[in-house]
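Notebook open, model loaded. I'm jotting down what I look up as I go.

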Amino acid sequence: MGDEVYIHWEKSYEIGNPLIDVEHRLLMMLFRKLDIAIKTGESGVTVVRILNEIKKFADFHFASEENLMHEVAYPDVVHHEVLHSRLLAQLEVTIGRISKKRELPDDLLFFLNKWVLEHIAREDQKIANFVQNSPKRPVAELIYPEYLGPLVFTDSPEEADNG
Ligand SMILES: [Fe+2]
Ligand SMILES: [Fe+2]
């Protein structure tokens, strides 16, 4: 039990761009969904369906980040896009293996957790830092508070509960 991966979203994972933070939180929610499906013994078909949901959302999320980088003329955009392509390719290989063998690798959740947390902390954080000081602003920045406000600009319910 000690080395079991506990996937959850933490405030400290936020990088400071509301759109990206909301998408990261949703990605993490899908990992939790997968975690729950596995632990409650859902069928292999259901698990693979969730993995495909994760892949599609990750693909969407990468497009959001790549657009953001282009909007603010982020200098390292090509490198970051390569990292995204690699992550997706890894995920596809993992899903393919699971679909064929119909069994889950023991380290699946560990892989996903590491996959996302390392990339967020190391690479995505650099984008947010750059955006903060960039004179070129993200296209839809002005509508962030209207659409994302309830999700990121208020305390989360769990924080309110914990006091
Ligand atoms: Fe990201
Ligand atoms: Fe990224």
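Which way do H1 and H2 run relative to each other, roughly parallel or roughly antiparallel? Note to self before answering: this is a predicted model.

I pulled the axes and got an angle of about 170° for H1 and H2, with the axes 10 Å apart. Angles over 145 degrees count as roughly antiparallel, so H1 and H2 are roughly antiparallel to each other.

Next I listed who touches whom there. On the H1 side I have Leu19, Ile20, Glu23, Leu26, Leu27, Leu30, Lys33, Leu34, Ala37 and Ile38. On the H2 side the contact is made by Thr46, Val47, Ile50, Leu51, Glu53, Ile54, Phe57, Ala58, His61, Ser64, Glu65 and Leu68. Sorted by class, the H1 contact with H2 comes to 15 nonpolar, three polar and four charged residues.

Then H1 against H4. Helix H1 covers residues 18–39 and helix H4 covers 108–133; I get an angle of about 175° and axes 11 Å apart. H1 and H4 are therefore roughly antiparallel to each other as well. From H1, Ile20, His24, Leu27, Phe31 and Asp35 meet H4, where the partners include Leu109, Leu112, Val116 and Ile120. By class I note eight nonpolar, two polar and two charged residues in the contact of H1 with H4.

Back to H2, to check its length. With 28 residues at 1.5 Å each, H2 should span 40 Å, and I find its end C-alpha atoms 41 Å apart, which agrees.

What is buried in H2? My list reads Val47, Leu51, Ala58, His61, Glu65, Leu68 and Met69. These buried residues of H2 pack against H1, H4 and helix H3 (77–101).

I also looked at phenylalanine 60, which sits in helix H2 (residues 44–71). Is phenylalanine 60 buried or exposed? I count 12 other C-beta atoms within 10 Å, so phenylalanine 60 is exposed. Its C-alpha atom is 9.3 Å from that of glutamate 23, and the two residues are 37 apart along the chain.

One backbone item: just after H2, alanine 73 has a positive phi of about 55°.

Last, the whole chain. I count six helices and zero strands, and along the sequence the pattern reads α-α-α-α-α-α. Of its 163 residues, 15% count as buried. For contacts with a separation of 6 or more, I get 75% from residues 24 or more positions apart.

Technical notes
Residues are numbered from 1 along each chain as its sequence is written. Chains are lettered from A and ligands numbered from 1 in the order in which they are written. This is a predicted model: local features need pLDDT of at least 70, side-chain atom pairs count only at pLDDT 80 or more; totals for chains, interfaces and linings use all residues. Helices (H or I, at least four residues) and strands (E, at least two) are DSSP runs, numbered from the N terminus. A residue is buried if 20 or more other C-beta atoms lie within 10 Å of its own, exposed if 12 or fewer, and partly exposed in between; C-beta atoms are placed from the backbone. Axes are lines fitted to C-alpha atoms, for helices over the stretch in contact, and angles run from 0 to 180 degrees between N-to-C directions. Angles under 35 degrees count as roughly parallel, over 145 as roughly antiparallel, 65 to 115 as roughly perpendicular and the rest as oblique. Two residues are in contact if their C-beta atoms, placed from the backbone, lie within 7 Å. Ala, Val, Leu, Ile, Met, Phe, Trp, Tyr, Cys and Pro count as nonpolar, Asp, Glu, Lys and Arg as charged, and the others, Gly among them, as polar. The expected span of a helix is 1.5 Å times one less than its number of residues.
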